[in-house]
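Biologist: I would like to learn how to read packed helices and empty spaces in a model, taking one feature at a time. Could you give me the general idea first and then turn to the case in front of us?

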Amino acid sequence: MDADALTARAWCELDGAALAQNFAALRAALPAGCRMLPAVKADAYGHGAVGVARRLRRLGAAGFCVACAAEGAALRRAGIGGEILVLGYTAPADFPLLHRWRLTQTVADAGHAAALAGCGRRLRVHIAVDTGMHRLGFAADDIDGILRVLACKSLKATGIFTHLCTDDTLAEADMAFAGQQLAAFDGLCRALAVRGAVVPPRHVQASTGILRHPGLKYEAARPGIALYGTLADAAATARWGTALRAVLSLRCRVAAVHALAPGEGAGYGLAYRAAAPATLAVLTIGYADGVPRALGGGAGTVLLHGRRAPIVGRVCMDQLFADVTAIPGVRAGDVATLIGRDGAQTLPACEVAAAAGTIANELLSRLGSRPARFWKEGLP
Ligand SMILES: *Cc1c(COP(=O)(O)O)cnc(C)c1O
């Protein structure tokens, strides 16, 4: 661990070897030569976009997916090369950013294409195709609309893609819908070719799509959450993510330890009440660091001395309480783990997320900027 972590209040420990293992596992499930465009949006799901992108470039990522132009510009300012695809809508006011930072913009629809084409600069774009999610994209049967983008002199289409929206369950209707989405996308690409168009590199699969459908032969892929060592929930992770290893551990310190007599309370609203003599540890992390407030009242757990302790009372903005009555010898300065391993115990992100009523993607992407990020191997 970095020496600075020894004095930190709350920090994320990042494991570059785990990131490399996850990248290799995903690449192994894809055809040889498939271009990897990892999703590093939302600060690489809370892991720190620049550190993650640097490592993935070294491992062979062809480029990256981000949510907005500002995220792409931040990567470029840090010297990140490769294609950077903005997945979300960019408003005309931000078109100059696309050109200045050599970003590739997703074309959301015909109106967006016209605006991009008219901005006075030649821009690189990927064409989004809506095969049923109804988020962004040209309708899969809008062959003429897509041909117009491909023929447009001021737009250089370097990709065409769709996104699967029911791919992470085994429910029959969901699997059938994913099959329809794939068929619609393949049908569109065939129709474009029949009409004489050169179909740009195609990509469909995000994390689950790669792990579930290793037989698909598209030219690129967009893995996100799996790179970080988990899938959205515990069921999907157990089914398709067993080769993955968690990259991030979230840790903090014990600030103080209090002995409570029966009937005494702790925290806002005295929402915790000791039923019997109890020992509470006050921890140096709170909801402003990304620990969901929903983990209070016994819903969540922390690890201390390799054992589990429930989070009790209301989670504060910067601190929280753990009931360590059953763990002798806890003292100020001890390290507590919110996500990750301590001794024989592990709190995987997908389980912590479930305890808070959400998925690993949301938990990780909402980790605040306040906890420092430390790569275990020490490189920046
Ligand atoms: C976020 C996102 C991804 C990555 O998804 P994961 O499920 O995290 O792998 C891929 N494609 C699009 C369009 C996305 O929005």
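**Packed helices and empty spaces**

Modeller: Let us begin with a pair of helices in this predicted model, where the crossing of H1 and H3 is right-handed.

Biologist: How should I read such a packing, and at what angle do helix H1 and helix H3 pack?

Modeller: Two packed helices are described by the angle between their axes and by the distance between those axes. Here helix H1, residues 16-28, packs against helix H3, residues 49-59, at an angle of about 50°, and their axes are 11 Å apart. That angle makes H1 oblique to H3.

Biologist: Which residues in H1 and H3 meet?

Modeller: From H1 come Leu19, Ala20, Phe23 and Arg27, and these meet Val52, Arg55, Leu56 and Leu59 in H3. Sorted by class, this contact of H1 with H3 has six nonpolar and two charged residues, with no polar ones.

Biologist: Let us take a second pair; how are the axes of helix H7 and helix H8 placed?

Modeller: The axes of helix H7, residues 143-151, and helix H8, residues 172-194, come within 11 Å and cross at roughly 60°. H7 and H8 are therefore oblique to each other, and their crossing is right-handed.

Biologist: What classes of residue make up the contact of H7 with H8?

Modeller: It helps to name the residues before sorting them: Ile143, Ile146, Leu147 and Leu150 in H7 meet Leu188, Ala191 and Leu192 in H8. By class, the contact of H7 with H8 has seven nonpolar residues, with no polar and no charged ones.

Biologist: Now for the empty spaces; how much space lies in the largest pocket?

Modeller: Rolling a probe the size of a water molecule over the atoms shows where empty space is left. In this model, the largest pocket holds about 810 Å³ of space. It is lined by 37 residues, of which Lys41, Arg135, His163, Leu164 and Ala206 are the closest to its centre. Helix H2 (41-45), strand S6 (123-130) and helix H9 (207-212) each supply at least two residues of that lining, and by class the lining of the largest pocket has 19 nonpolar, eleven polar and seven charged residues.

Biologist: What is the volume of the second largest pocket, and which residues lie nearest its centre?

Modeller: The second largest pocket has a volume of about 420 Å³. Of the 24 residues that line it, Arg245, Ala246, Val247, Gly340 and Thr346 lie nearest its centre. Two or more lining residues come from each of strand S11 (248-260), strand S18 (335-342), strand S19 (345-347) and helix H11 (349-355). The lining of this second largest pocket has eleven nonpolar, seven polar and six charged residues.

Biologist: And how many cavities of 30 Å³ or more does a search of the whole structure find?

Modeller: A cavity differs from a pocket in that the probe fits inside but cannot get out. The search of the whole structure finds one cavity of 30 Å³ or more, and the volume of the largest cavity is about 40 Å³. Its lining consists of Leu250, Gly290, Val291, Pro292, Leu295, Leu338, Ile339, Val352 and Leu363, which by class gives eight nonpolar residues, one polar residue and no charged ones.

Notes. Residues are numbered from 1 along each chain as its sequence is written. This is a predicted model: local features need pLDDT of at least 70, side-chain atom pairs count only at pLDDT 80 or more; totals for chains, interfaces and linings use all residues. Side-chain values use heavy atoms; hydrogens and water are left out. On a 1 Å grid over the protein atoms alone, a cavity is a set of points where a 1.4 Å probe fits but cannot get out, and a pocket is an open set with protein on both sides within 12 Å along at least five of seven lines; lining residues have an atom within 4 Å of a point. Grid points are joined across faces, edges and corners, and a volume is the space filled by probe spheres set on the points. Ala, Val, Leu, Ile, Met, Phe, Trp, Tyr, Cys and Pro count as nonpolar, Asp, Glu, Lys and Arg as charged, and the others, Gly among them, as polar. Axes are lines fitted to C-alpha atoms, for helices over the stretch in contact, and angles run from 0 to 180 degrees between N-to-C directions. Helices (H or I, at least four residues) and strands (E, at least two) are DSSP runs, numbered from the N terminus. Angles under 35 degrees count as roughly parallel, over 145 as roughly antiparallel, 65 to 115 as roughly perpendicular and the rest as oblique. A crossing is left-handed if the near helix is turned anticlockwise from the far one by less than a right angle, and right-handed if clockwise. Contact means heavy atoms within 4.5 Å.
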